[in-house]
Amino acid sequence: MTGLYERDARTLSSMSFLRFFPQAVTGGEGSYLFDEGGRRLLDLSASWGAASLGHSHPAVRLAVDRALSNQAGASHLSGANLPAVELAERLLSIVPERAAGRVWLGHSGSDANETVARAVIAATGRPRIIAFKGAYHGGTVGSMAISGHPAQEGVPKAGGLTLVPYPNAYRDGGPEQASARALAHLDELFAGPVPPEEVAAFFLEPIQSDGGMIVPPLDFFRSVETLCHRYGILVVSDEVKVGLGRSGRLHAFEHLGIEPDIVVFGKGLGGGLPISAAVGPAAIMNHRAAFSFQTVHGNPVCASAALAVLDTIERQDLATHAARVGDHLTTLLEELQSSHPLIGDIRGRGLAVGVELVGDAKAPARRETVKVVYRAFELGLVLYYVGINSNVLEMTPSLLLSAEEAATAIEILDRALADVEAGRVADNVVAGFAGW
């Protein structure tokens with residue numbers, strides 16, 4: 001009988017694949033996935049953070065069942081539906097006052113970021129956008145056009161896009177030097193080739209996730225916000241992967257001490273179902289009717305799931321839980337670092353954690369990273385890697401991950417690192433998994 005992974009390869013387009021090992025699952029519960037052979041896989045990715053409450057969470061299941069048992073249509077395109085309106089009201093209640101205007105609902109962080117990028121230019125009349133090198137704002141044409149991740153090289157960029165360095169304390173001589181260098185670059189741009197009065201918006205990630213889970217230096221974004229306010233530039237916080245409790249606070253931008261004008265949500269908002277949201281001033285978000293829509297935007301089933309996710313995060317104070325378990329996870333990783341020369345840096349906030357693997361003189365350990373995630377999978381742990389050099393292990397588990405599960409994950413990672421460092425993972429076993 002043909003295995004599930006082989007059936008997948010024979011039927012599904014590889015254009016949508018980003019594969020690291022032959023993962024083929026038939027179910028899941030909590031922080032675990034179940035493969036077709038019955039193995040329990042401890043999931044430290046949660047599908048890139050999308051399964052924010054883990055798998056098969058009862059609150060999401062109940063919300064979806066109720067929404068489907070009395071389905072309020074399938075869209076809010078040509079009429080209001082109750083779950084979409086309730087979700088919009090809820091989102092407006094949790095963002096900063098300057099962003100609490102209107103809510104645009106979509107399917108993913110990609111379409112939400114694309115819509116914001118189009119709207120800020122159209123509504124302000126300013127033709128330029130600033131974003132960061134290494135930033136990943138999505139996989140649609142418009143969201144790739146404002147991204148700076150090297151995986152999207154060759155994709156046409158927006159004509160008015162300027163990419164600037166994201167300060168990386170580990171790579172740029174420490175937090176103060178990294179911050180000063182990045183701010184000096186901005187000052188030079190505004191003094192010359194990028195007139196600030198032509199910039200509509202500055203897109204930022206409070207933690208640059210796909211760029212390497214990079215945590216910005218303290219106060220860096222306060223300085224960026226000050227510059228933006230001086231010149232009337234809108235601040236857009238892309239919270240798609242690291243927002244909604246994951247960082248240890250409800251919003252990751254809260255760690256930065258700033259208040260963005262527009263907030264973009266995705267991934268974990270739906271608890272595994274496809275929904276996104278952009279929340280911002282009415283003057284931007286109401287630019288023009290029929291400006292950005294798809295038929296099942298505002299889907300009441302997905303909106304109901306999102307409401308259940310937000311209710312659960314608040315009721316169970318999952319931001320505090322993420323901070324506590326994230327600290328425990330980081331402590332365990334720091335203990336692991338002393339016995340594994342591959343570990344160069346550990347960084348993150350809450351349950352958004354990155355582990356950069358390096359060789360001599362901090363050279364990115366790309367090949368070893370490929371092998372570590374593959375070997376970890378063989379041992380029962382699911383995690384992927386990110387980074388502009390594809391050498392950062394990314395951990396974005398369920399917000400309900402327990403301290404005991406975190407300890408189990410680190411035990412498995414310990415074995416995987418040891419096997420790779422000892423040369424026990426052959427090149428040929430990872431040959432078919434290109435990853436990023």
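These are my notebook entries on one helix, one strand residue, two loop residues, the cysteines and the empty spaces of this structure.

**Entry 1: ground rules**

I noted that this is a predicted model, in which local features need pLDDT of at least 70 and side-chain atom pairs count only at pLDDT 80 or more, while totals for chains, interfaces and linings use all residues. Residues are numbered from 1 along each chain as its sequence is written, and side-chain values use heavy atoms, with hydrogens and water left out.

**Entry 2: helix α6**

I looked up α6, which runs over residues 175–191; helices (H or I, at least four residues) and strands (E, at least two) are DSSP runs, numbered from the N terminus. This helix has 17 residues and reaches 24 Å from its first C-alpha to its last, close to the 24 Å expected at 1.5 Å a residue, where the expected span is 1.5 Å times one less than the number of residues.

Which residues of α6 are buried? I found Ala178, Ser179, Ala182, Leu183, Leu186, Leu189 and Phe190, with buried meaning under 20% relative accessible area, exposed over 50%, and partly exposed in between (1.4 Å probe, protein chains only). They cover an arc of only 120° around the axis, which puts them on the same side of α6; the arc is that of the directions from the helix axis to the C-beta atoms. I added a general reminder that an α-helix has 3.6 residues a turn, so residues three or four places apart point the same way.

On the other side of α6, I found Glu176, Glu188 and Ala191 exposed. The buried residues of α6 pack against β5 (128–132), β6 (161–164), β7 (199–204) and α7 (220–231), a contact being heavy atoms within 4.5 Å.

**Entry 3: Ile130**

I then turned to Ile130, which has its place in strand β5 and counts as buried at 0% relative accessibility. Leaving aside residues up to four places away in sequence, I saw that Ile130 touches Thr162, Val164, Leu186, Phe190, Val199, Ala201, Phe202 and Phe203. The C-alpha atoms of Ile130 and Phe202 are separated by 4.7 Å, although these residues are 72 residues apart along the chain.

**Entry 4: two loop residues**

Asp219 has a positive phi of about 75° although it is not a glycine, and I located Asp219 in the loop between β7 and α7. Ser390, also not a glycine, has a positive phi of about 50° and is found in the loop between β14 (384–386) and β15 (392–395). Is each of them buried or partly exposed? Asp219 counts as partly exposed at 40% relative accessibility, whereas Ser390 is buried at 13%.

**Entry 5: cysteines**

A search of the whole structure for disulfides (pairs of cysteine sulfur atoms within 2.5 Å) gave me zero. I noted that Cys228 is buried, with a relative accessible area of 1%, and that Cys302 counts as buried at 10%.

**Entry 6: empty space**

How many cavities of 30 Å³ or more does the structure hold? I recorded two, a cavity being a set of points, on a 1 Å grid over the protein atoms alone, where a 1.4 Å probe fits but cannot get out; lining residues have an atom within 4 Å of a point. Grid points are joined across faces, edges and corners, and a volume is the space filled by probe spheres set on the points. About 90 Å³ of space lies in the largest cavity, and of the 14 residues that line it, the closest to its centre are Gly49, Ser52, Gly243, Leu244 and Gly268.

Terms used:
On a 1 Å grid over the protein atoms alone, a cavity is a set of points where a 1.4 Å probe fits but cannot get out, and a pocket is an open set with protein on both sides within 12 Å along at least five of seven lines; lining residues have an atom within 4 Å of a point.
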